[in-house]
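Please read the paragraphs below with the sequence and the model side by side, and follow each named position as it comes up.

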Amino acid sequence: MLEYRVEIALWAISGIIPFFMLNIWTNNNLNESINMSDLMLSRYFLCAFFVRQFSVVWVVFSFEEDSLMGKISPYLIQPLNPFFRYLAQHLAEQITRFPFALIIAFFFFIFNPESIWIPNLGILVLSIISTFLSFLIQFLIQSIVACLCFWTEKASSIERLLFIPTLFLSGLLAPVVSFPKYVKSWIYLTPFPYLIDFPANLLSGNETNISGGLSMQILWIFLLFPLFRKIWSKGTKKYTAMGS
Amino acid sequence: MNLRKYLKVYKNFLHTSFASELEYKTNILVDLITAILSLIGSIFLLSIFFQNNGYIGGWKFEQALIIQGIYTILNGITNTWFNPNLTEIVKHIREGTLDFVLLKPIDSQFFISLKKINPSGFLEIMLGFFLLFFCIRINQINLNLSFLTLSLITIICSICILYCLWFFISTTTIWFVKTWNAIEVLRSFLYIGRFPLNSFSFSLRVFFSVFVPIAFITTIPSEVFLGLSQLWKILLEVIVATVFLITSRKFWLFALKFYSSASS
């Protein structure tokens with residue numbers, strides 16, 4: 001992974017959309033309507049950036065390429081589910097990404113020195129856990145989509161479709177508190193706000209229901225995991241190597 | 001004639017890439033739904049911004065919708081032509097197949113930029129035009145010839161600038177080999193084009209008009225639609241587009257001198 005330092009640095013930069021959004025929010029005094037001070041909002045978006053950096057998942061693209069190229073066949077013979085391989089790749093890249101994310105945070109604090117804060121240890125641990133859970137949820141959802149490769153060959157377009165609600169509803173571009181009532185009434189039942197909004201609120205010290213959020217995350221993992229197992233076992237039965 | 005030859009070649013490009021893309025028919029349907037959802041999502045985001053404010057950076061909601069419309073059209077064009085072709089350059093250079101392109105008796109930039117087409121982007125372009133017509137109605141813009149020519153000129157210039165940005169980054173592949181993530185950076189910057197430039201702080205505004213001219217891509221055409229744009233801005237956009245086109249061409253020819261095929 002360290003071979004591709006520039007690659008990963010650029011990847012970290014490409015995640016700075018939350019900062020642009022922050023700029024719109026503060027520059028137009030939009031936060032007055034949602035009872036969130038400029039300060040809390042800037043922390044929120046910084047945390048959203050961090051959570052996003054450590055919960056990005058691209059397993060469907062790797063899997064699609066491998067399955068089109070026929071690389072899946074040797075993986076299937078191995079006694080380990082190939083998705084562990086992808087999971088390890090993701091984790092390794094997250095660790096390499098950490099210093100770059102820190103550098104970006106450092107620059108953020110130079111421009112906004114008033115927003116420096118130190119979360120207490122308990123909150124920090126909890127938010128790391130919830131970021132990891134968010135990563136797991138996204139990993140499971142994408143793995144389920146990736147298994148559709150066994151049927152359709154081009155599963156990545158389904159992933160792009162699913163990415164749209166993730167982008168707009170997860171809180172990456174606007175905190176879920178600011179959403180209109182008719183959306184807020186149902187959004188907490190979907191997995192989206194637990195992907196970025198909940199961990200970011202937790203880490204930045206904004207008001208949030210800690211136990212409720214964590215249990216919803218775990219609940220979604222328990223719902224998605226059996227689904228993944230099922231689709232995986234069905235898919236591998238269906239699987240025929242390319243050209244057969 | 002030379003031009004006729006290129007038109008004929010392009011007709012063949014269209015034919016082959018349509019044939020291969022239509023192999024994945026459900027894919028096109030999924031892409032259509034994606035485009036529609038993404039438009040709904042960005043209008044939703046915009047409506048959050050305007051929840052309690054009448055104006056953002058001096059733009060009303062109805063006016064900001066024009067920017068969305070133009071962004072959608074440009075995004076559709078990116079998905080139809082720029083994305084499928086220019087990401088291919090990376091592959092050509094990594095696998096050394098650029099050799100075959102350079103050997104062909106046609107212009108390499110022409111071949112590389114227009115070889116493929118992704119028909120699902122057309123739907124997005126249409127979607128953008130629908131939104132624009134809707135905006136013309138709700139903003140009560142009266143259509144006349146000078147307005148139409150001006151808006152056409154600015155949109156064509158935007159397309160040129162956008163193309164050059166993509167082409168610049170793809171060309172750097174000759175030195176850096178892997179530029180997937182540079183393209184991602186460009187994408188995230190282009191995302192800014194969905195919002196009026198005035199809604200950002202001064203420093204970002206300078207950055208996005210001088211270093212990465214995203215301001216020129218969507219804001220100026222939208223100002224033309226509203227009749228707000230001064231003539232010097234339009235002239236400036238034409239100049240910027242010309243400069244970009246010329247330098248991107250020069251840059252490509254310059255970069256080719258450094259191309260040494262794969263594993264050599």
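A convenient place to begin is A:S157, which sits in helix α9 of chain A; like everything that follows, this placement comes from a predicted model rather than from an experiment. Is A:S157 buried or exposed? With 22 other C-beta atoms within 10 Å, A:S157 is buried, because a residue counts as buried once 20 or more such atoms lie within that distance. Once residues up to four places away in sequence are set aside, A:S157 touches B:N27, B:V30 and B:D31, and these partners belong to chain B. A look along chain A gives a sense of scale, since A:S157 and A:N112 are 45 residues apart in sequence and 39 Å apart in space, taken from C-alpha to C-alpha.

From this one residue the view can be widened to the contact between the chains, which takes 27 residues from chain A and 31 residues from chain B. On the side of chain A that touches chain B, at least two residues each are supplied by α1 (5–13), α2 (17–27) and α9 (156–169). The largest share of that side, seven residues, comes from α9(A), the helix in which A:S157 is placed. Sorted by class, the side of chain A that touches chain B holds 17 nonpolar, seven polar and three charged residues.

One helix pair that spans the two chains can be followed in detail. The axes of α1(A) and helix α9 of chain B, residues 180–190, come within 8 Å and cross at roughly 15°, and α1(A) and α9(B) are therefore roughly parallel to each other. In this pair α1(A) passes α9(B) in a left-handed crossing. Which residues make the contact? From α1(A) they are A:E7, A:L10, A:W11 and A:I13, and from α9(B) they are B:N181, B:A182, B:E184 and B:V185. By class, the contact of α1(A) with α9(B) has five nonpolar, one polar and two charged residues.

Two further pairs lie within single chains. In chain B, helix α2 (residues 25–49) and helix α6 (residues 120–138) pack at an angle of about 30°, with their axes 8 Å apart, and that angle makes α2(B) roughly parallel to α6(B). The crossing of α2(B) and α6(B) is right-handed. On the α2(B) side the contact is made by B:I28, B:D31, B:L32, B:A35, B:I36 and B:L39, and on the α6(B) side by B:S120, B:L123, B:E124 and B:L127; B:D31 has already appeared as one of the residues touched by A:S157. The residues of the contact of α2(B) with α6(B) divide into seven nonpolar, one polar and two charged.

In chain A, the axes of helix α3 (residues 38–53) and helix α11 (residues 197–204) come within 8 Å and cross at roughly 125°, which makes α3(A) oblique to α11(A). The passage of α3(A) across α11(A) is a right-handed crossing. Here A:M40, A:R43, A:Y44, A:C47, A:A48 and A:V51 in α3(A) meet A:P199, A:A200, A:N201, A:L203 and A:S204 in α11(A), and the residues of this contact divide into eight nonpolar, two polar and one charged.

The next topic is the nonpolar interior. In soluble globular proteins, nonpolar side chains tend to be buried together. In this model the largest nonpolar core has 119 residues, and those with the most contacts inside it are A:M21, A:F45, A:C47, A:A48, A:A146, B:I161 and B:I192. Helix α3 of chain B, residues 61–95, gives the most to this core, with 14 residues. Leaving out residues up to four places away in sequence, B:I161 touches B:P213, B:F216, B:I217, B:V240, B:A241 and B:F244.

Two residues of chain B complete the tour. B:I112 lies in helix α5 (residues 108–114) and is buried, with 21 other C-beta atoms within 10 Å. Apart from its neighbours within four places in sequence, B:I112 is in contact with B:N85, B:I89 and B:V101, while B:T80, 32 residues apart from B:I112 in sequence, is 14 Å apart in space, C-alpha to C-alpha. B:F176, in helix α8 (residues 173–176) of chain B, is partly exposed, with 14 other C-beta atoms within 10 Å. The C-alpha atoms of B:F176 and B:I48 are separated by 41 Å, and these two residues are 128 residues apart along the chain.

Methods:
Residues numbered from 1 in each chain as written. Chains lettered and ligands numbered in written order. Predicted model: local features only at pLDDT ≥ 70, side-chain atom pairs only at ≥ 80, totals over all residues. Core = buried A, V, L, I, M, F, W, Y, C linked by C-beta atoms within 7 Å. Buried ≥ 20, exposed ≤ 12 C-beta atoms within 10 Å, placed from the backbone. Helix = DSSP H or I, 4+ residues; strand = E, 2+ residues; numbered from the N terminus. Contact = placed C-beta atoms within 7 Å. Nonpolar A, V, L, I, M, F, W, Y, C, P; charged D, E, K, R; others polar. Axes fitted to C-alpha atoms, helices over the stretch in contact; angles between N-to-C directions. Parallel < 35°, antiparallel > 145°, perpendicular 65-115°, else oblique. Left-handed = near helix turned anticlockwise from the far one by under 90°.
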